[in-house]
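Open the model in your viewer and keep the selection box handy. We'll go stop by stop, from strands to metal to rings and back out again.

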Amino acid sequence: MQVKQHLLPSPAPGTRRELVSLHYGQAGQGEKVYIQASLHADELPGMLTAWHLRRQFDALEAAGRLRGEIVLVPMANPIGLSQWWLQSHLGRFEGLSGENFNRHYPEYIEAAARAAEPRLGQDERQNVAVLRAALRTEVQAAPADTELKALRKTLMLLACDADVVLDLHCDAQAMMHLYTETPCWSQCEPLAAFLGAGVTLLATDSGDNPFDEACSQSWWKWKRHFGDRFPIPQATLSVTVELRGQQDVHHDLASQDAQAIVDFLTWRGVIAPDGAVPAVPAPVGDARPLAGSMPIASPVAGVLTFLREVGETVKAGDVIAHVIDPITASVTELKSPVDGLLFARDTLRLVTTGARIAKVAGREATRTGKLLGAR
Ligand SMILES: [Zn+2]
């Protein structure tokens, strides 16, 4: 394993941060897998899972069982890790710009397509190699004049030519669930089964370019761009893995999740099996449209108490929570707008007017516009 340090530009005199990536296996041999943890720096289950993955990858490499290249970034956000305010860690938004660390990844699809076109042909594998090289050149050449932009660029450079990208996040309180783009679903389905995901939320271009979509969208957009002229596969499977809730930082869960990822990579052929190839388990959940994932917002402020637990199946009109005004003693019922799976809810119990307190995954795509909230 090779450790690489990537210096970010200094945000202030005397201060400089670095990103660290761990490189296993052989570049150019077999598939490339990229895994990063805690891009939202206050989402810690990914960092613990990465620690378990690192132990597994160390052993697998020593045993000569890696058939491809694996890049592991065990902590993807040194900026967010350093943001504290009065004993509270703030890792989701950059304090300087207010931007969400997992939004606004630039896209280079048109520029890379223009550069690659003279070298494209009817060989799909060759097209993948040519487009990846063109994309790398564009990402490398992109300006990055702030620390945040340099972080995004560094992460994209490490990930943009991978066959598999796993971005390890978590929700506030949640069951295991995934986000991926619809063209990735057929490749993602076995991963969802290995991880025991309760639901996978599908969208095509949800808006604001989160990291996983920035890595996968090139392929279906290039396919659309070139039409029938050149064969272009969905060459990157990119998935945001929501490792349950922020408090779910336990060795038993993290080692189980790391094992599920290793089993998936073994099933995919990146890791040589020790005996039989692991069979894809029976799925726990299914795939549903991100446009059918319904946030439940509170129309009033007050003390929030939940009546339903994460993981419960609910009906439209079921009361999910009460918001209590301690002055007037009024109780406001917050109801599910759809039949679906209550897969995530907030940790705060003092709710502000308009705040979103839970999400129910329905089966019908009913929302339009930008599908991911700032939170
Ligand atoms: Zn996150």
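Start by selecting β7: it is covered on both faces, with Val164, Leu166, Leu168 and Cys170 on one side, Val165, Asp167, His169 and Asp171 on the other, and all of them buried. Buried here means under 20% relative accessible area, exposed means over 50%, and partly exposed is in between, using a 1.4 Å probe and protein chains only. Helices (H or I, at least four residues) and strands (E, at least two) are DSSP runs, numbered from the N terminus.

Before moving on, some housekeeping: this is a predicted model, where local features need pLDDT of at least 70 and side-chain atom pairs count only at pLDDT 80 or more, while totals for chains, interfaces and linings use all residues. Residues are numbered from 1 along each chain as its sequence is written, and side-chain values use heavy atoms, with hydrogens and water left out.

**Around β7**

Since eight of the eight residues of β7 (residues 164-171) are buried, the strand is largely enclosed by the rest of the structure. Which way does β3 run against β7? The two are parallel, joined by five bridges; strands count as paired if DSSP finds at least two bridges between them. Pick Gln36 and you'll find its bridge partner in β7, Asp167. Now add β11 (residues 237-245), which pairs with β7 in the parallel sense over seven bridges. Asp171 is the residue to click there, standing opposite Gly245 in β11.

**The zinc ion**

Next, select the zinc ion and show its surroundings. Its protein donors are His40 (ND1), Glu43 (OE), Glu43 (OE) and His169 (ND1), lying 2.0 to 2.5 Å from it. Donors are N, O and S atoms within 2.8 Å of the metal (3.2 Å for Na, K and Ca); water is not among the atoms, so sites may look incomplete. Along the chain, the donors follow the spacing H-x2-E-x125-H. The four donor atoms subtend angles of 55 to 145° around the zinc ion, so the arrangement is irregular. For four donors, tetrahedral would need all angles between 85 and 135 degrees, and square planar would need opposite donors over 155 degrees apart and all others between 65 and 115. His40 and Glu43 are both buried.

While you're here, click Ser38, in the loop between β3 (32-37) and α1 (45-62). Its phi is near 60°, a positive value in a residue other than glycine. Most residues other than glycine have a negative phi. Ser38 counts as buried, at 0% relative accessibility.

**Rings**

Turn on the aromatic side chains. How many aromatic pairs does a search of the whole structure find? Seven. Rings of Phe, Tyr and Trp (its six-membered ring) pair if their centres lie within 6.5 Å; planes under 30 degrees apart count as stacked, over 60 as edge-to-face and the rest as tilted. Zoom in on Tyr105 and Phe211: with centres 5.2 Å apart and planes at 80°, the pair is edge-to-face. Tyr105 is in the loop between β6 (88-89) and α3 (109-116), while Phe211 is in helix α7 (residues 211-226), so this pair links distant parts of the chain, 106 residues apart. Both are buried, Tyr105 with a relative accessible area of 1% and Phe211 with 0%.

Now go along α7 to another edge-to-face pair, Trp219 and Trp222, with ring centres 4.9 Å apart and planes at 85°. They lie three residues apart in the helix, about one turn, and each is buried.

Back at Tyr105, add Tyr34: ring pairs link Tyr34, Tyr105 and Phe211 into a cluster.

**The far sheet**

Finally, select β17, β16, β14 and β19, in that order: these four strands form an open sheet with antiparallel pairing. At the edges stand β17 (331-335) and β19 (350-351), each with a single partner strand, so one side of each has no neighbour in the sheet. β14 (residues 302-306) and β19 are joined over two bridges, and Val303 has Leu350 as its bridge partner in β19.

On β17, Thr332 and Leu334 make up the covered face, and Val331, Glu333 and Lys335 the uncovered one. Five bridges join β16 to β17, with Val319 opposite Lys335. Their hairpin has six residues between the strands, and in it Ala329 takes a positive phi near 70°. Is Ala329 buried or exposed? At 56% relative accessibility, Ala329 counts as exposed.

Methods
Four donors count as tetrahedral if all angles lie between 85 and 135 degrees; four count as square planar and six as octahedral if opposite donors are over 155 degrees apart and all others between 65 and 115; anything else is irregular.
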